[in-house]
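Thanks for coming, everyone. I'd like to walk you through one structure today, so have it open in front of you and follow along.

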Amino acid sequence: MQLIIRGNTDQIKGIALILMFIHHFFTFPEWWMEGISYPKLAQLAPWVSSPLKICVGVFCFLTGYFYYYRKNKDYRYSLRKIIDLLIAYWCVYLILGSLAVVLCHYPYTGKAIILEMLALERPVMTFAWYVYFYVLAMLLLPVVSMLLRGEILLDLTISILLLPNLVTILQTVIRWRVADLPILQDVLGSISGWFPILLMGYITAKHRIFERCWNITNQYLRKKWLRMCLALILMCLAMAGRLLLPYIQLETAVFPVRINMDVLYSMVFVFGALTLCRGFKNRVVRILLGMIGRYSLLMWFFSCAFFNATALIFQPILYLPRNPILILLWGLILCLIPSILC
């Protein structure tokens, strides 16, 4: 039986989305419009931006984790999930794109509309690169999951060494022999960078890694507060690891092999968040986190409005409260309400 249940999933996604909003709202001073300034946060930005981006790894990991439990890992399921995502994406794109045209007179062309519908160019849906990654990942998973049928070491070798480095080699060949195509490089880069994390979620579920860790934790840390402290420590260590050791590079006789350490950090963070969510009993907080997590995808998309072609109108509204904590809460409300309506 899987350790992560539906309620826990939404709460973990809620935590991840809050980190994402902090990441976008406060760690990119160059995105702030004139009149918006937080000097102390700007100084911290280079140190906290990378740790906060672990939120993306959390979503990738959970996608792979739950994919393992699908009885039929076929293209019918993949296409259904792709269609579900695209419907949500196009719904938000229709709203934000219309606002960009009506309020800001954004000069859309037919080509630009098609490219943004595929999330390949995103003047309006700024943060929606995950769309094309998800589509490709769901198309790859039915095939790749057939390869992950061995022992854990073989599965890890395929997932974190073989596949991402083959994609990196393909990127290099295209750049040298064909042309440096930015869109294609971005697409392949997302696969080499984030697909291994998705596969790590799959491997974690397949080999029951969380269940084993859960049993060990409960055996040696019988007090709930000790398990909660461990959860916070694991989450902080995973975030710090992204800054201190983002990858390991091994020099070989043929070509350098890079290991993206997010495969470890994302797993550790999710386990820490799971332990935290299962131990935290405050009903109000659990409900709020669950609600944010349930609408996390749509909230992710709606948050584009603050930093895209409509930023001139919507960014001042976001930063209206002035206080960073209030801005975060205000931003969550601004994105949650239209997400629920959608």
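**Starting from one phenylalanine**

Let's begin with phenylalanine 301, which sits in helix H13, residues 296–302. Before we go on, keep in mind that what you're looking at is a predicted model. So, buried or exposed, this phenylalanine 301? Its relative accessible area is 2%, and since anything under 20% is called buried, phenylalanine 301 is buried.

Who does it touch, then? If we skip the neighbours within four places in sequence, phenylalanine 301 is in contact with Leu85, Ala88, Tyr89, Val92, Leu96, Met125, Ala128 and Val131. Take alanine 88 from that list: it is 213 residues away from phenylalanine 301 along the chain, and yet their C-alpha atoms are separated by 8.8 Å.

Another name on that list is Tyr89, and that one takes us into the next part.

**H4, H5 and some rings**

Tyrosine 89 lies in helix H4, and so does tyrosine 93, four residues apart, which is about one turn of the helix. Both of these tyrosines are buried. How are their two rings arranged? The centres are 6.2 Å apart and the planes are at 10 degrees, so we call the pair stacked.

Now look at what H4 packs against. On the H4 side we have Tyr89, Trp90 and Tyr93, and they meet Ala112, Ile113, Glu116 and Met117 in H5. Sort the residues of that contact by type and you get six nonpolar, no polar and one charged.

As for the geometry, H4 runs over residues 75–104 and H5 over residues 110–117, and their axes come within 10 Å and cross at roughly 140 degrees. You might be tempted to say antiparallel, but for that label the angle has to be over 145. H4 and H5 are therefore oblique to each other.

Back to rings for a moment. How many aromatic pairs are there in the model? The count comes to 32. One of them looks a lot like what we just saw: the rings of phenylalanine 61 and tyrosine 65 have centres 6.4 Å apart and planes at 25 degrees, so that pair is stacked. Phenylalanine 61 and tyrosine 65 both lie in helix H3, residues 54–68, again four residues apart and about one turn of the helix. Both phenylalanine 61 and tyrosine 65 are buried.

If you like colouring things in, try the cluster that ring pairs link together: Phe21, Phe25, Phe26, Phe28, Trp31, Trp32, Tyr38, Phe127, Phe306, Phe307 and Tyr319.

**Salt bridges**

On to the charged side chains. The structure holds three salt bridges, so let's go through them.

Arginine 294 pairs with aspartate 10, with the closest N and O atoms 3.7 Å apart. Arginine 294 is in helix H12 (residues 283–294) and aspartate 10 is in helix H1 (residues 6–26), so this pair ties together parts that are 284 residues apart in sequence. The two partners come out in separate classes: arginine 294 has 46% relative accessibility and counts as partly exposed, whereas aspartate 10, at 4%, counts as buried.

Next, aspartate 155 and lysine 206, where the closest N and O atoms are 2.7 Å apart. This salt bridge also links distant parts of the chain, with aspartate 155 in helix H7 (residues 152–178) and lysine 206 in helix H8 (residues 182–206), 51 residues apart. Aspartate 155 and lysine 206 are both buried.

Then there's aspartate 262 with arginine 242, at 2.7 Å from N to O. Here aspartate 262 is in helix H11 (residues 262–279) and arginine 242 in helix H10 (residues 224–244), so the parts tied together are 20 residues apart in sequence. Aspartate 262 is buried at 6% relative accessible area, and arginine 242 is buried at 11%.

**Two odd backbones**

Last stop. Most residues other than glycine have a negative phi. Which residues here go the other way? Arginine 208 has a positive phi, near 55 degrees. You'll find arginine 208 in the loop between H8 and helix H9, and it is partly exposed, at 36% relative accessible area.

Arginine 322 has a positive phi too, about 75 degrees. Arginine 322 lies in the loop between helix H14 and helix H15, and with a relative accessible area of 53% it counts as exposed.

That's my tour, thanks for listening.

Methods: Residues numbered from 1 in each chain as written. Predicted model: local features only at pLDDT ≥ 70, side-chain atom pairs only at ≥ 80, totals over all residues. Heavy atoms only, no water. Axes fitted to C-alpha atoms, helices over the stretch in contact; angles between N-to-C directions. Helix = DSSP H or I, 4+ residues; strand = E, 2+ residues; numbered from the N terminus. Parallel < 35°, antiparallel > 145°, perpendicular 65-115°, else oblique. Contact = heavy atoms within 4.5 Å. Nonpolar A, V, L, I, M, F, W, Y, C, P; charged D, E, K, R; others polar. Salt bridge = Lys/Arg side-chain N within 4 Å of Asp/Glu carboxyl O. Buried < 20%, exposed > 50% of the residue type's maximum accessible area, 1.4 Å probe, protein only. Phe/Tyr/Trp six-rings, centres within 6.5 Å; stacked < 30°, edge-to-face > 60°.
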